[in-house]
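Got your viewer open and a selection box ready? Let's take a walk through this protein, one stop at a time.

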Amino acid sequence: MIANTTTTTHLAQILAQARAGTDALFALVRPDAFYERPVPERHRIIFYFGHLEAFDWNLISQAAAIPSFHPEFDQLFAFGIDPKTGQFPQDKPSDWPETSEVQRYTVRVRQTIDDVSNQISEQMLSVALEHRLMHAETFAYLLHHLSINQKNIPLVAPPPPGATPIHVMIEIPGGTVTLGQPRKQAYAQNQFGWDNEFDGHEVSVTAFAMSKYKVTNREYLEFVRAGAQPPLFWRRQEGQWRWRGMWGEAPLPLDWPVYVTHEEACAFAAWTGKRLPTEAEFHRAAYGTVSGEEERSYPWGDDQPDSRRGNFDGNRWDPIPVTATPLGDSAFGISQLVGNGWEWTSTVFQPFQRFQPLSFYPGYSARFFDGEHYVLKGASSRTDARLLRRSFRNWFRPNYPYVYAGFRCVED
Ligand SMILES: [Fe+2]
């Protein structure tokens, strides 16, 4: 593919911003904590420090035919991990290089890539950019579980107020939804999408009812009182439930969405006689319209995302009340379908028909088509605005508790 210079320059600028964003995240980690592993199923922090650059390097150096200056790091930092339950990584801090050495590697990678960025296809630059943006989010999940004395605490705005929700189920009439992006349209409009977003296609959805709000901590507390295990983000202290936030603990905010695993979400839904929505039902509720003719780009319409519409784009670290952003409601009046926590669906992560892996990154999605991952839709507080496009799909194992993910229930 021949690079379109105007667009690649623009993308290179956005990549520079994204690098500044991830640099700012690493600056929140105290130097002595770079060899910690806050999530047992993931690598130590030092890995991610090298990974973002090694990924870009491995991708772009091949395409631009630049010889490696550090093959050992290119390989060491090449891939993240997603082990099956109980198969935790066993490496030691001493297995990893010094941060200063990794820092030198990252500086040189950036300089070299910047020198050739106008020779790189837009698609490849978009992959580098979105890979980094997604890691900016998943790195926040790791940071969340680093102990507070290992983090440099920034100034944090207090959460906005929000009324206690009145939980109602809203009827959604049946209709047709578009999952993914039609390939032809993406080419014509020069719109990037990951391999799993193709090929776009229509699915018809029969009528159902969905809760206006995400399930809150208050609702989930009833389930815990009935004998369920508390979510990872809660802690019990002297008879009181506490919220384990990014920058410290607080009394459990009852009107915030609960963060849970897929398994916990399913168990709650079953306990209330309801179920999780499918990916297509989520689309219908979020992007559908009453007339059924048009689908929206975002739940609120076609306006670009901004902070009045929802809790996303890294404006905050932790959730806000489920009632706090009515300007983001969907055509059917459903709140916060995008932002304030991903939402688990009942759909197993599988390829759409006519799926084709990216030639230069064949395993991106295909490694996860194992029937052991579920689709999440929406966004969390840490999801970049660029990733709020309708066709974007996220996926995790059903028992992975570190995602900023909640859910809402539906019934037939
Ligand atoms: Fe990665």
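On this tour, two residues are in contact, or touch, when heavy atoms of theirs lie within 4.5 Å. Keep in mind too that you're looking at a predicted model.

**Stop 1: the whole chain**

Start zoomed out, with everything drawn as a cartoon. You should find 10 helices and 12 strands in the chain. The C-alpha trace spans about 60 × 55 × 35 Å along its principal axes. How does the radius of gyration agree with that of a compact globule? For 412 residues, such a globule would have a radius near 22 Å, and the chain has 21 Å, which agrees.

Now switch on the surface. About 17,900 Å² is exposed, and carbon and sulfur atoms supply 51% of that. Of the 412 residues, 55% count as buried. Take the contacts with a separation of 6 or more: residues 24 or more positions apart make up 80% of them.

**Stop 2: threonine 22**

Select threonine 22, which you'll find in helix α1 (residues 5–26). Is this residue buried or exposed? Threonine 22 is buried, with a relative accessible area of 3%. Leaving aside residues up to four places away in sequence, threonine 22 touches Leu52, Arg132 and Ala136. Show those three as sticks before you move on.

**Stop 3: the iron ion**

Next, click on the iron ion. Which protein atoms are its donors? They are the NE2 atoms of His51, His131 and His135, lying 2.1 to 2.2 Å from the ion. Along the chain, the donors follow the spacing H-x79-H-x3-H. Histidine 51 sits in helix α2 (residues 45–63) and histidine 135 in helix α5 (residues 122–144), so this pair ties together parts that are 84 residues apart in sequence.

Try the surface again here. Histidine 51 is buried, with a relative accessible area of 3%. Histidine 135 has 16% relative accessibility, and since the cut-off for buried is under 20%, histidine 135 counts as buried too.

**Stop 4: a loop with a cis bond**

Now select the loop between α6 (183–189) and β3 (201–205), where aspartate 199 has its place. Look at the peptide bond leading from phenylalanine 198 to aspartate 199: this bond is cis, with omega near -5°.

In the loop between α6 and β3 you'll also find asparagine 190. What is its phi? The value is near 55°, which is positive in a residue other than glycine. Asparagine 190 is partly exposed, with a relative accessible area of 48%.

For another positive phi, jump to glutamine 336, in the loop between α9 (279–287) and β8. Glutamine 336 isn't a glycine, yet its phi is about 55°. At 2% relative accessibility, glutamine 336 counts as buried.

**Stop 5: a sheet of three strands**

Select β5, β6 and β7. Strands of a sheet pair through backbone hydrogen bonds, either parallel or antiparallel. Which kind of pairing is here? The 3 strands form an open, antiparallel sheet in the order β5-β6-β7. At the edges stand β5 (234–237) and β7 (248–251), each with a single partner strand, so one side of each has no neighbour in the sheet. On average, neighbouring strands of this sheet are turned by 40° against each other, direction ignored.

Zoom in on β6 (residues 240–245), which is joined to β7 by 4 bridges. Glycine 245 stands opposite glycine 248 in β7. Then add helix α7 (residues 217–225): this helix lies across β5 and β6, running at about 60° to β5.

**Stop 6: strand β9 and its partners**

Finish at strand β9 (residues 374–377). In a regular strand the side chains alternate between the two faces of the sheet. How are the faces of β9 covered? Tyr374 and Leu376 lie on one side, Val375 and Lys377 on the other, and all of them are buried.

Then bring in the partner strands. Strand β8 (residues 342–348) runs antiparallel to β9, joined by 3 bridges, and glutamate 343 stands opposite lysine 377 in β9. Strand β10 (residues 394–396) is also joined to β9 by 3 bridges, again antiparallel. For a last click, pick valine 375 and look for its bridge partner in β10, tryptophan 395.

Definitions and conventions
Residues are numbered from 1 along each chain as its sequence is written. This is a predicted model: local features need pLDDT of at least 70, side-chain atom pairs count only at pLDDT 80 or more; totals for chains, interfaces and linings use all residues. Side-chain values use heavy atoms; hydrogens and water are left out. Donors are N, O and S atoms within 2.8 Å of the metal (3.2 Å for Na, K and Ca); water is not among the atoms, so sites may look incomplete. Helices (H or I, at least four residues) and strands (E, at least two) are DSSP runs, numbered from the N terminus. Buried means under 20% relative accessible area, exposed over 50%, partly exposed in between (1.4 Å probe, protein chains only). Two strands pair if DSSP finds at least two bridges between them. Axes are lines fitted to C-alpha atoms, for helices over the stretch in contact, and angles run from 0 to 180 degrees between N-to-C directions. The radius of gyration is taken over C-alpha atoms; the globule rule is 2.2 Å times the number of residues to the power 0.38. Accessible areas come from the Shrake-Rupley method with a 1.4 Å probe; for residues, only the protein chains shown count as cover.
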